[in-house]
Amino acid sequence: MSAATAWRNVLSETGDIARFTGRFFREFFRPRYEFAEFLKQCFSIGYQSLPLVALTAFIMGLVITIQSRPTLVEFGAEAWLPKMVSVSLVREIAPVISALICAGKIGSSIGAELGSMKVTEQIDAMEVSGTNPFKFLVVTRVLATTLMIPVLGILADAVSLYGGYIGANIRGVVSWDLYWSQCFDALKYGDVIPAVTKTFFFGFAIGIIGCYKGYNTQKGTEGVGISANSAVVVSSLLVFMIDLIAVQIADLFGLT
Amino acid sequence: MPTCLDLHDMLAETEIIQEKSGTSGTDSSESVIHLGKLNKSFGDNHVLRDFDFDLYAGENVVVLGKSGSGKSVLIKCIIGLMKPDSGTLTVFGKDIPELPHQELDQIRMRVGFLFQSNALYDSMTVRENLEFPLRRHGLHTTKEQVDELVLEALTNVGLAETVDMMPSELSGGMRKRIALARTLILKPEIILYDEPTTGLDPITGKEISNLMNMVQKKYNASSVIITHDMTTVRIIADRIIMLIDGTCYADGTYDELRKSDDKKVKQFFE
């Protein structure tokens, strides 16, 4: 495939995703509202992803603390460890890592589920049964990821800080109270609010890409695998791009 | 090339012993589905070309044609899942392509669709699969009514015991029956079958065909059946339409078409 064709495909797909997103907003404001399905998706996306996100966040907190310690010791700034760890975890590492984990788990799951529904005509069957499949399948899932990924991100903040506490006590001794008071002293609203805000966009991107890929699956069962895979790749890439934009905007408002 | 009409007229004069009771057409002259000069294409691929067709109340019409000839596209246009490019398409006198969504849903309550792949919702039990169209169309809101209808539909297909099973726990034939039960739960006046016996062994295929016949009698429904399975055709067809090159190439009863000398028609019966 030539570079020109590849670019044309990328631009064409970007246009299709933009149209798909536009349709999401149109359908979102129109009744009927699929509240029961939305709650079901919140449970599936939020609650069932919780152990994986928590475990990953704990490990990240632990590892960051252990790896940061020698450098701080070298500068005689070991006491700054909780502050440094809390700022880096809450501002960047926990939200991005939890979003990437969700892009892998939730993005692929949505892509594969909707893809297999598409190739086995379940989406058509839904339409014949008097249901708007876009509203029932896409709107509910995108809303659920948009709301649940920030919740998972906040949980990841807390668990990763706990991991940091364990890490800080492997080589040194930091009391529970001192660790947490130093963590919270270091954090400002300017650290927390942009970090939480960007997770809403991460969640939206993961949901919309997973749904777009699944809903537009072609080529039978082979296409289901392709959809699941590309949902993960594109949504992970979007997480980084959104993060980059979020940092620039935060910087613009003096929040960095 | 014989047209629908001349082949039908030519053979209609021949004395034929019908495999299935009754001849082409029905005692009712009411057309429940009317397609006039229907066209549908995908890029350069003209799937339907000026396709004309009428389904009369109470009859079973089989649409025969090679794979990729546009048979599934035809019934998907009828149910409103695809839009034709041009031509007339009415179901119960309503212009389907121009119908607003709510009115289309009203028509869909009266038209059942059995999908080729069954299209059972994997994440739902058999009961939930059957309840889905009832609840979505806002019918029978009490639990007792819903339970009664689910049980009735499952009993009709002989699978009442599977009510709490998942589709993945069922065999291919059972899944087909459950899909048929889901189609029947709204007591449709027209049933569209998309290759109902594909992927089934000959015995199960015959059972499904007999079941479809039974359903047609019990519900007095009209049916359009897409199939390649000549056993099914023999069992169920009141009338056969041959879809070749996007047009209605031949139209007649099983025996009329079986005796045809036309090469394209004969190849289906060899």
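The following is a conversation between a student and a tutor about a predicted model with chains A and B.

Student: What kind of model is this, and how are things numbered?

Tutor: This is a predicted model, in which local features need pLDDT of at least 70 and side-chain atom pairs count only at pLDDT 80 or more, while totals for chains, interfaces and linings use all residues. Residues are numbered from 1 along each chain as its sequence is written, and chains are lettered from A and ligands numbered from 1 in the order in which they are written.

Student: How many helices and strands does chain A have?

Tutor: Chain A has nine helices and zero strands. Helices (H or I, at least four residues) and strands (E, at least two) are DSSP runs, numbered from the N terminus. The C-alpha atoms of chain A fill a box of roughly 65 × 45 × 35 Å along the principal axes.

Student: And chain B, how many helices and strands?

Tutor: Chain B has 10 helices and 10 strands.

Student: How much of each chain is buried?

Tutor: In chain A, 43% of the 256 residues are buried, and in chain B, 45% of the 270 residues are. A residue is buried if 20 or more other C-beta atoms, placed from the backbone, lie within 10 Å of its own, exposed if 12 or fewer, and partly exposed in between.

Student: Back to chain A. At what angle do α4(A) and α8(A) cross?

Tutor: The axes of α4(A), residues 81–119, and α8(A) cross at roughly 15° and come within 8 Å. Axes are lines fitted to C-alpha atoms, for helices over the stretch in contact, and angles run from 0 to 180 degrees between N-to-C directions. The two helices α4(A) and α8(A) are therefore roughly parallel to each other, a label for angles under 35 degrees.

Student: Which residue types make up that contact of α4(A) with α8(A)?

Tutor: The residues there divide into 17 nonpolar, six polar and six charged. Ala, Val, Leu, Ile, Met, Phe, Trp, Tyr, Cys and Pro count as nonpolar, Asp, Glu, Lys and Arg as charged, and the others, Gly among them, as polar.

Student: Is Ile193(A) buried or exposed?

Tutor: Ile193(A) counts as exposed because it has 12 C-beta neighbours inside 10 Å. Ile193(A) lies in α8(A), which covers residues 189–215. Its C-alpha atom is separated by 9.3 Å from that of Leu255(A), 62 residues apart along the chain.

Student: What about Gly214(A), buried or exposed?

Tutor: Gly214(A), also in helix α8 of chain A, counts as buried because it has 29 C-beta neighbours inside 10 Å. Leaving aside neighbours within four places in sequence, the contacts of Gly214(A) include Ile110(A), Leu114(A) and Ser227(A). Two residues are in contact if their C-beta atoms, placed from the backbone, lie within 7 Å.

Student: Over in chain B, which residues touch the most other members of the largest nonpolar core?

Tutor: Ala181(B) and Leu192(B) do, in a core of 133 residues. A nonpolar core is a set of buried Ala, Val, Leu, Ile, Met, Phe, Trp, Tyr and Cys residues joined through C-beta atoms within 7 Å. Not counting residues up to four places away in sequence, Ala181(B) touches Leu130(B) and Val157(B), among others.

Student: What covers the buried residues of α4(B)?

Tutor: The cover includes α5 (143–156) and α6 (172–184) of chain B. Among the buried residues of α4(B), residues 126–136, are Leu130(B) and Phe132(B).

Student: Lastly, how many residues of chain A are in contact with chain B?

Tutor: There are 10 residues of chain A in contact with 14 residues of chain B. The chain A side divides into two nonpolar, five polar and three charged.

How values were computed
Angles under 35 degrees count as roughly parallel, over 145 as roughly antiparallel, 65 to 115 as roughly perpendicular and the rest as oblique.
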